[in-house]
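Here's a quick briefing to read alongside the coordinates. It goes through confidence, layout, cores, surface and salt bridges.

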Amino acid sequence: MGRFPYQSFDSLSTRLQLSPPSDYVPLVVICDRLQDSFNFGAILRCCDGVNVRQSSSLITADIAPQVVRSSSGAVNLLGIVKVQSLIDTLQRLKQLGFQIATDANTGTGLWSAKLSQLTALIIGSEATGIQSELRAACDQRLWIPMLGRVSSLKAAIAAGILLYEIRRQQHTTYEM
C-alpha cells in the first residue's frame, strides 16, 4: 500500500464552514490512540454509514493495510485528517462551534443527551480510553446504557451506537 492521501485540517475546516444548509449537519470523529486496526476499520464503516464525509470528516492516526481491508472501502470515501495535536484540534473545532463529546461511562446517559448540534465525537483507545487532557476538554461525557451483565463494548460498537444516536437527533432537528 502506498502513502495514504491524508487531508489537511485547514481543508476540513473550510469544508465545515462552507457546508450548505441542506447538507447533513457536520459531524467529526476523532480517534485517540486506537490500537486494533480492525476496530478502526469498523469505525470507518460506521462513519460512512452516517455520512461522515463531504462537509464532515474524520481525524485520526495512521491508515494501515488492515484498516483499509476492514473498512470495506469506507477509508476511500472519507476525508481523513492526521493531526499532530488532538488538544489543539479540539480547540480549533470549538472555535468552529462544535461541541466535543465522548463515551466516558460517566456523565449523561446517551438516551437523554442533547446531540443535535455540531458535534465532534472522540473514540478512545480500547485499553485506556481517551487521554485525560482530551476528557477535560469535552463538553459532554456520555454513557451507553448497558442492560445486561457485561459492562463494556468494543470501541467500534460504541462508536456505531453513538454516531447513529447523534444522526437520529440531528435528523429530527434539521431537514435533511
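Strand E2 (residues 57-60) has the lowest mean pLDDT among the elements of the protein, at 63, while E5 has the highest, at 95. This is a predicted model, so keep those scores in mind: pLDDT is the predictor's confidence in each residue, from 0 to 100. Averaged over the protein, pLDDT comes to 88, and 90% of the residues score at least 70.

**Overall layout**

- The secondary structure comes to six helices and six strands.
- Reading from the N terminus, the elements go α-β-α-β-α-β-α-β-β-α-β-α.
- The protein has 176 residues, and buried ones make up 48% of them.
- Take the contacts with a separation of 6 or more: residues 24 or more positions apart account for 77% of these.
- About 8900 Å² of the protein is exposed, with carbon and sulfur atoms supplying 51% of that area.

**Nonpolar cores**

- In soluble globular proteins, nonpolar side chains tend to be buried together.
- Here, the largest nonpolar core counts 32 residues, and Val-29, Ile-43, Leu-44, Ile-123 and Leu-163 have the most contacts inside it.
- Strand E1 (27-31), helix H2 (37-49), strand E5 (119-123) and H6 each put at least two residues into this core.
- H6 is the top contributor to this core, with seven residues.
- Want one residue to click on? Try Ile-43: setting aside neighbours within four places in sequence, Ile-43 is in contact with Val-29, Cys-31, Leu-34, Ile-123, Ala-155, Ala-156 and Ala-159.
- Apart from the largest core lies another one, of 18 residues, including Val-81, Leu-90, Phe-98 and Ile-100.

**A nonpolar patch on the surface**

- Met-146, Val-150, Leu-153, Ile-157 and Ile-161 form a nonpolar patch on the surface, and together they have about 390 Å² of accessible area.
- Val-150 sits in the loop between strand E6 (140-143) and helix H6 (155-173).
- Why does Val-150 count as exposed? Its relative accessible area is 56%, and exposed means over 50%.

**Salt bridges**

- The structure holds five salt bridges, and three of them are picked out below, namely Asp-10 with Arg-92, Asp-32 with Arg-33, and Lys-154 with Asp-36.
- Asp-10 pairs with Arg-92, with the closest N and O atoms 2.7 Å apart.
- That pair links distant parts of the chain, since Asp-10 is in helix H1 (residues 9-17) and Arg-92 in helix H4 (residues 86-95), 82 residues apart.
- Both partners are partly exposed: Asp-10 is at 48% relative accessibility, and Arg-92 has a relative accessible area of 36%.
- Asp-32 forms a salt bridge with Arg-33, where the closest N and O atoms are 3.2 Å apart.
- Asp-32 counts as buried because its relative accessibility is 1%, whereas Arg-33, at 39%, counts as partly exposed.
- Lys-154 bridges to Asp-36, with 3.9 Å between the closest N and O atoms.
- The Lys-154 and Asp-36 pair also links distant parts of the chain: Lys-154 is in the loop between E6 and H6, Asp-36 is in the loop between E1 and H2, and they are 118 residues apart.
- Lys-154 is partly exposed at 47% relative accessibility, and Asp-36 is partly exposed too, with a relative accessible area of 27%.

Methods. Residues numbered from 1 in each chain as written. Predicted model: local features only at pLDDT ≥ 70, side-chain atom pairs only at ≥ 80, totals over all residues. Heavy atoms only, no water. Patch = residues over 30% accessible without salt bridge, like charges linked within 9 Å, V, L, I, M, F, W, Y side chains within 5 Å. Areas by Shrake-Rupley, 256 points an atom, 1.4 Å probe, with all protein chains shown as cover. Salt bridge = Lys/Arg side-chain N within 4 Å of Asp/Glu carboxyl O. Helix = DSSP H or I, 4+ residues; strand = E, 2+ residues; numbered from the N terminus. Buried < 20%, exposed > 50% of the residue type's maximum accessible area, 1.4 Å probe, protein only. Core = buried A, V, L, I, M, F, W, Y, C linked by side-chain atoms within 4.5 Å. Contact = heavy atoms within 4.5 Å.
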